[in-house]
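Good morning, colleagues. I should like to take a few minutes to present one structure, with attention to its internal spaces and to the contact between its chains.

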Amino acid sequence: MATFFGEVLSVYSRAVEEDDEDPEQDEEDEQIRRELEEKREVHLRWSPEVSELLKSGNKLPCREFILAVGHNAAKFLSVYVLTSANWDTLGHASVWNERSRAVTGQSSEESACVFYRHKENPTVMICQVTCYVAEDQLFQWTEKVFDCLQHRELSVTVLSDSSVADYKTADYLCTSSAPFLRSLHTGTFSGQPVCQSLEQPNIITGLPAAVLNHCQVQRIATVVYQCYSDVIGPDSVSMETFKPALTKLAKSIQLNSSPNTDILRKMVKTTDIQSNLYI
Amino acid sequence: MFVPSDNSPPSLEDFTLVMPAVAVGNVGQLAVDLIVSTLNMSRVGFIHTDCLIPMAGNNPYSTCKEDAQELHTPAEVYVAPELKLAVLQIRAPIVQTKSKKFRQLIVSWIKASGFSRTVILSSSHAYQRDDQQMKGTPLRYLATPSLLKASANALKELGWREMERVASFPGLTEANAEPRLCIPGGGITKGLYTDSCSEDLPLAVVLLFCSEGDNIPDAFALVNHLNDWLHLLDDPVSDTLQFYCCSFTSRDLKFD
């Protein structure tokens, strides 16, 4: 569906199509479907050292896994954590789906989902995801990634972006309240989240939800911090809301509390010209 | 895959399973929410599968501050052991290409758990009814031969109406066109029913014709109708008392 301004929204109907599958499906249809499914598979590409480790049946030792989903969350980590140069790139995940651009080439695809590991403390890992992971790929992404990690003593922190328009509340949301943080955690998470818990009837979807689902059934201590922002595209104020979430992990991760403004400007600038709404 | 929430898997042998089909107006899901909250059922496990779109939220059935912060997932199993009742709640849509796989997963889980019977709560587009379906009550049932062996009399006594088969080509008199079962807007209802027929599972579908909108009254109608058969509650659930329970699950998971 397109709105008045031409943005394309994915709108779900509550009506459900009757699934009238033809039992005698065309062979060709079947083949096309199979090929599509193969193409949509999530691939993890690790550095030679990690590949070797995984090949020998071992898993990546990991105690702290920080996953950033969305531009604000990912750029928050880029600006406040990854600038310290104490991080090795471990690998990346590649995902192809209907929103992947055909021509943009390998480089953008590779940078859309990257894994990093702390040089001095190799049990601390970071993953930044800025690409769209389709509904049918979320489960697979989560299974594949967590299959590479050691589960013992693993604790997961997910930082995620969301629009304040998706936040449901009976009260009037005054404009000064956004951006704000809400948390949701699995049963085995024993700490105290740094912000208010996500109120009913709000829900979390997408990759953070897939990770929560996986960690709930696998009993991995996990907390999701969702930032509700009223700005389209990355902005420094929304990024800062994630700060308290990482101060809890101060033992393993040093936060660069006063980042270089040039870096910050560069991060925010990239999306400046994308909207033609107010030319 | 069923994953118990405790270390010891629950015994569901001979339990009655009630589950929704994600269908028009989410009536089945609302009805299941109503059952879980009214009977104060406790969660015993999850169905963890790639067939459902991931979602997570805090406790939809929270009654006090203490139990509010409890993570809930797209598909969970609840039980009321004293009633020998198990309920599967599904809170998310099925991934489009995986509905067949999901049906297979449900059928094999039903078999493995040893449920004595399964009831699917579902709904169907009211606007696609034919003339005979528009007469009288909007509630219908379907039962597999295996269920009829045990419950044919009970269903007869209730005076329930079976879902009518509709003409394949309305208006045409084709000699060999058999009327067929049609549940428009019913999601996996028909598939699960036909799978259960061929797998010889005792399964019933209880459905309601409705339109999208505020479907809470439909959920009450469906639960009270089901209660006439299963006798889960002494009194019918009342609209005003239980209203709060529907605030979360299905209503807000419609992704619309």
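I shall take the interface first and then turn to the cavities.

Please bear in mind throughout that this is a predicted model.

Let me begin with how the two chains meet. The size of an interface is often given as the accessible area lost when the parts come together. Here, chain A and chain B bury about 3,600 Å² between them, and 53% of that area lies on carbon and sulfur atoms. In terms of residues, 37 from chain A are in contact with 52 from chain B.

What does the rule find across this interface in the way of salt bridges and polar contacts? For salt bridges between chain A and chain B, the count is 0. For polar contacts, there are 11 residue pairs, with both residues at pLDDT 80 or more.

On the side of chain A that touches chain B, four elements of chain A supply at least two residues each: α5, β7 (180-185), β8 (203-205) and α6. Of these, α6(A) gives the most, with 8 residues. The composition of this side of chain A is 14 nonpolar, 12 polar and 11 charged residues.

I now turn to the interior. Rolling a probe the size of a water molecule over the atoms shows where empty space is left. In this model the count comes to 2 cavities of 30 Å³ or more.

The largest cavity holds about 130 Å³ of space. Which residues are closest to its centre? They are A:Phe139, A:Asn213, B:His48, B:Thr49 and B:Pro74, out of 16 that line the cavity. The elements giving two or more residues to this lining are α5 (135-147) and α6 (206-218) of chain A, together with β3 (42-47) of chain B. The most comes from α6(A), with 4 residues. Helix α6(A) thus appears twice in this account, giving the most to the lining of the largest cavity and also the most to the side of chain A that touches chain B. By class, the lining of the largest cavity has 9 nonpolar, 6 polar and 1 charged residues.

The second largest cavity has a volume of about 60 Å³. Its lining includes B:Ile35, B:Thr38, B:Leu39, B:Val223 and B:Asn227. Both α1 (27-38) and α6 (216-230) of chain B supply at least two lining residues, and α6(B) has the largest share, 3 residues. This lining comprises 7 nonpolar and 2 polar residues, with no charged ones.

Thank you; I welcome your comments.

Methods: Residues are numbered from 1 along each chain as its sequence is written. Chains are lettered from A and ligands numbered from 1 in the order in which they are written. This is a predicted model: local features need pLDDT of at least 70, side-chain atom pairs count only at pLDDT 80 or more; totals for chains, interfaces and linings use all residues. Side-chain values use heavy atoms; hydrogens and water are left out. On a 1 Å grid over the protein atoms alone, a cavity is a set of points where a 1.4 Å probe fits but cannot get out, and a pocket is an open set with protein on both sides within 12 Å along at least five of seven lines; lining residues have an atom within 4 Å of a point. Grid points are joined across faces, edges and corners, and a volume is the space filled by probe spheres set on the points. Ala, Val, Leu, Ile, Met, Phe, Trp, Tyr, Cys and Pro count as nonpolar, Asp, Glu, Lys and Arg as charged, and the others, Gly among them, as polar. Contact means heavy atoms within 4.5 Å. Buried area is the accessible area (1.4 Å probe) that two parts lose on being put together, summed over both. A salt bridge is a side-chain nitrogen of Lys or Arg within 4 Å of a carboxyl oxygen of Asp or Glu. A polar contact is a pair of N or O atoms within 3.5 Å; within protein, one must be able to donate a hydrogen and the other to accept it, and residues adjacent in sequence count only if both atoms are side-chain atoms.
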